[in-house]
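Hello,

Here is the structure I promised to pass on to you. Have a look at it first, and then read my notes below.

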Amino acid sequence: MRQWLAGPVEAFRAAERWLLPGHCLVCHERVGQTADDSLVCGMCRNRWPRLPFPQCPRCGQPTDADTECRICSDWPAGLSGVRSAVWMDPSVRRTVHLLKYDGWHRIAAAMAEPVAALIPTGGSGVLVPIPLGGARHQLRGYNQSAKLAQAIGGKASRVVSETTLVRSRETRTQTTLTPEEREANLRNAFRVVGAVPESAVLVDDVFTTGATLVSAARTLLEAGTITVTAVSFARAELPLTGASRAT
């Protein structure tokens with residue numbers, strides 16, 4: 001059965017390479033075929049800006065050692081150890097958009113590499129992707145956070161559960177909302193279905209204010225999960241947090 005499935009998959013990838021023969025989806029430069037058949041060239045991946053240190057030990061926001069973090073001061077007690085792999089610069093933003101809006105779900109394999117490095121291999125925490133609402137899932141055809149979680153799980157040897165957390169209602173898009181509006185928009189937006197994991201690692205594509213992760217984490221903690229951590233591929237810079245970009 002697996003061999004039968006391999007044929008159509010390989011045929012699809014061959015057609016994909018024919019349509020975009022050896023070109024990086026981010027910079028559009030022609031590149032040789034890579035061993036992992038990545039859609040993002042090594043040069044672009046190397047240019048993704050990593051978050052500098054020091055970072056808040058709880059939420060991972062880069063901050064001055066003497067400055068109190070204002071992002072996670074009111075987070076639930078069971079949520080800690082949130083980390084993001086890269087800053088949201090124009091190249092990273094294009095990568096996220098290719099995954100999120102343009103249907104290139106295989107680009108999650110390249111995105112997963114720096115994120116998987118943030119997760120200890122062989123740990124017990126189940127990877128739980130942030131779920132999409134039904135309307136957005138139907139429009140996109142897949143959940144970008146689930147694709148990212150699957151890729152991370154393969155690299156970090158972690159179990160992925162796409163059914164643990166579901167949306168209990170549709171929410172407005174977060175793009176233009178203030179931090180306060182984001183929090184209100186996501187209040188009681190999730191529910192747990194089935195078995196409750198003892199330890200969970202939430203997975204999302206972008207960390208902006210943390211409102212989505214906090215709402216999802218609170219739902220898991222109230223259902224009985226003991227510890228919740230989280231990872232994201234990108235983190236948006238927020239001037240209002242007082243954290244400046246380090247070089």
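Let me begin with one residue, glutamine 144: with a relative accessibility of 3%, it counts as buried, because the cut-off for that is under 20%. Please keep in mind as you read that this is a predicted model. Glutamine 144 belongs to helix 6. Leaving aside residues up to four places away in sequence, glutamine 144 touches Leu99, Lys100, Leu132 and Asp205.

For contrast, take serine 73, which sits in the loop between helix 2 (42–47) and strand 1. Its relative accessibility is 55%, so serine 73 counts as exposed, the cut-off being over 50%. Serine 73 and arginine 58 are 15 residues apart along the chain, and their C-alpha atoms are separated by 9.4 Å.

Next, the sheet. It is an open one of four strands, in the order 1-6-5-2, and the pairing is parallel. Strand 1 and strand 2 (126–129) are at the edges with a single partner strand each, so each has one side without a neighbour in the sheet. From one strand to the next, the twist averages 25°. Strand 5 and strand 6 run parallel and are joined by eight bridges. If you would like a pair to look for, valine 206 has alanine 234 in strand 6 as its bridge partner.

Two helices are worth viewing together with the sheet. Helix 3 lies across strand 1, strand 5 and strand 6, and runs at about 110° to strand 6. Helix 6 also packs on the sheet, where it touches strand 2, strand 5 and strand 6. The direction of helix 6 makes about 120° with that of strand 5.

Now, what surrounds helix 4? Its buried residues pack against helix 2, strand 1, helix 3, helix 6 and strand 6. Seven of the nine residues of helix 4 are buried, so this helix is largely enclosed by the rest of the structure. The buried ones are Ala108, Ala110, Met111, Ala112, Pro114, Val115 and Ala116.

Helix 4 and helix 6 pack with their axes 8 Å apart, at an angle of about 55°. That angle makes helix 4 oblique to helix 6. The crossing of helix 4 past helix 6 is right-handed. On the helix 4 side, the residues that meet helix 6 include Ala108, Met111, Ala112 and Val115, while among those they meet in helix 6 are Leu148, Ala151, Ile152 and Lys155.

Finally, the nonpolar cores. The largest has 36 residues, and those that touch the most other members are Val40, Val92, Val96, Ile107, Ile152, Phe233 and Ala234. Two or more residues each come from strand 1 (79–87), helix 3 (90–100), helix 4 (108–116), helix 6 (144–156), strand 5 (199–207) and strand 6 (227–235). Which element gives the largest share of this core? That is helix 4, with six residues.

Valine 92 is a good place to zoom in: its contacts, not counting residues up to four places away in sequence, are Trp48, Pro49, Val86, Trp87, Phe233 and Ala234. There is also a second, separate core of 24 residues, which includes Phe190, Phe207, Ala216 and Val228.

Enjoy exploring it, and do write back with any questions.

Best wishes

Definitions and conventions. Residues numbered from 1 in each chain as written. Predicted model: local features only at pLDDT ≥ 70, side-chain atom pairs only at ≥ 80, totals over all residues. Heavy atoms only, no water. Core = buried A, V, L, I, M, F, W, Y, C linked by side-chain atoms within 4.5 Å. Buried < 20%, exposed > 50% of the residue type's maximum accessible area, 1.4 Å probe, protein only. Contact = heavy atoms within 4.5 Å. Pairing = 2+ DSSP bridges. Axes fitted to C-alpha atoms, helices over the stretch in contact; angles between N-to-C directions. Parallel < 35°, antiparallel > 145°, perpendicular 65-115°, else oblique. Left-handed = near helix turned anticlockwise from the far one by under 90°.
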